[in-house]
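Subject: Structure for you to look at

Hello,

Here is the structure I said I would pass on. Please open it next to this email and follow along.

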Amino acid sequence: MVATIRLSVPGTLRYRPIAVRTVAEAARLVSGAPPRDPKSPNFDPLAHDVRHPFDTAVVSAFMEIFNNIAIHAYQRKGGGRIEIAIALSKDSIVIDVKDDGRPFDIDGVAELPAELDDDSLPEGGMGIHIAKTMLDEMTYEPGPPNQWRLCKRLQATQVAVGRS
Amino acid sequence: MPAPFDVHQTNDETKLTIRRSLDINSAPALADAIDKIVATKPPRVTVDLSLLDLIDSSGVAALVKLYKGVRSGGGTFKIAGARDQPLAIFKLLRMDKVFDL
């Protein structure tokens, strides 16, 4: 059975934390990662609880795509919306993200340098690389609307103990 | 609520502690602190990420800028305590070796 969660936010970075927290909680429903213990002495209710490898991959990729849309598609000015549909099954997540901003030239993204040293360490252009590498599959169709699809499957070895 | 980062400077070490999330929204606030640290040409900088839960490419870019600034001033740079999602990102970007993790 697939459950779908839909979220629509204005296309600016102000709404990024809401979207990221929603995706993190959705990923946790698939991974089964237990939440932090609120009785723990170091418990911080504002902490981001992203520790499971599956949650890590999904949230890392989503953050980069949200950034990309707010900065490139909507040019940091907003003026449009970001429509997010999260489809959950027992062992996978598919996140569709749509915007009506400028199309992004995904083929123009440079690869990371083969060897990293003091001179070649990049100070930008890492976002798409992070998203692609973290996911099993990522597609982008320029629009309007521009459509991103982010897919991640839960590996058998990643199933958390105590998952219900 | 504690600030998302703080800087503790002693004679021989500058320690930058970053909490919760270093991302496109929080990195600009850190940029000023980074410029100030680099301007002092510190001999040794340690960035404590043991309280950092999330990082994105903007956060990584801020740390790369600090790393380059400290190194070009002749100092050493180390990241301590990276865990979970931030550690996974550094490894994915193959920065774990450069950052002496």
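Two strands count as paired if DSSP finds at least two bridges between them. With that in mind, look at strand β4 of chain B, where Val45(B) is the bridge partner of Thr14(B). Please keep in mind that this is a predicted model.

Strands of chain B

Thr14(B) leads to strand β2 of chain B, which covers residues 14-18. β2(B) and β4(B), the latter made of residues 44-48, run parallel to each other and share four bridges. β2(B) also pairs with strand β1 of chain B, residues 5-9, this time in the antiparallel sense and over five bridges. On that side, Lys15(B) of β2(B) stands opposite His8(B). The connection from β1(B) to β2(B) is a hairpin of four residues.

Is β2(B) mostly covered or mostly open? Four of the five residues in this strand are buried, so to count as buried each has 20 or more other C-beta atoms within 10 Å of its own. In general, side chains in a regular strand alternate between the two faces of the sheet.

Where the chains touch

How many residues does each chain bring to the contact? Chain A gives 24 residues and chain B gives 26 residues. On the chain B side, four elements supply at least two residues each: β3 (20-22), β5 (52-55), α2 (57-72) and α3 (84-92). The largest share, nine residues, belongs to α2(B). Sorted by class, the side of chain B that touches chain A holds 12 nonpolar, nine charged and five polar residues.

Chain A as a whole

Chain A contains five strands and three helices. Their order along the sequence is β-α-α-β-β-α-β-β. Chain A is as compact as a globular protein of its length, because its radius of gyration, 17 Å, is close to the 15 Å that the globule rule gives for 164 residues. The C-alpha trace of chain A spans about 45 × 40 × 30 Å along its principal axes.

Which share of chain A is buried? Buried residues account for 36% of its 164 residues. Among the contacts in chain A with a separation of 6 or more, 72% are between residues 24 or more positions apart.

A place to start is β2(B), with β1(B) paired to it in the antiparallel sense and β4(B) in the parallel sense.

Regards

Methods:
Residues are numbered from 1 along each chain as its sequence is written. Chains are lettered from A and ligands numbered from 1 in the order in which they are written. This is a predicted model: local features need pLDDT of at least 70, side-chain atom pairs count only at pLDDT 80 or more; totals for chains, interfaces and linings use all residues. Two residues are in contact if their C-beta atoms, placed from the backbone, lie within 7 Å. Ala, Val, Leu, Ile, Met, Phe, Trp, Tyr, Cys and Pro count as nonpolar, Asp, Glu, Lys and Arg as charged, and the others, Gly among them, as polar. A residue is buried if 20 or more other C-beta atoms lie within 10 Å of its own, exposed if 12 or fewer, and partly exposed in between; C-beta atoms are placed from the backbone. The radius of gyration is taken over C-alpha atoms; the globule rule is 2.2 Å times the number of residues to the power 0.38.
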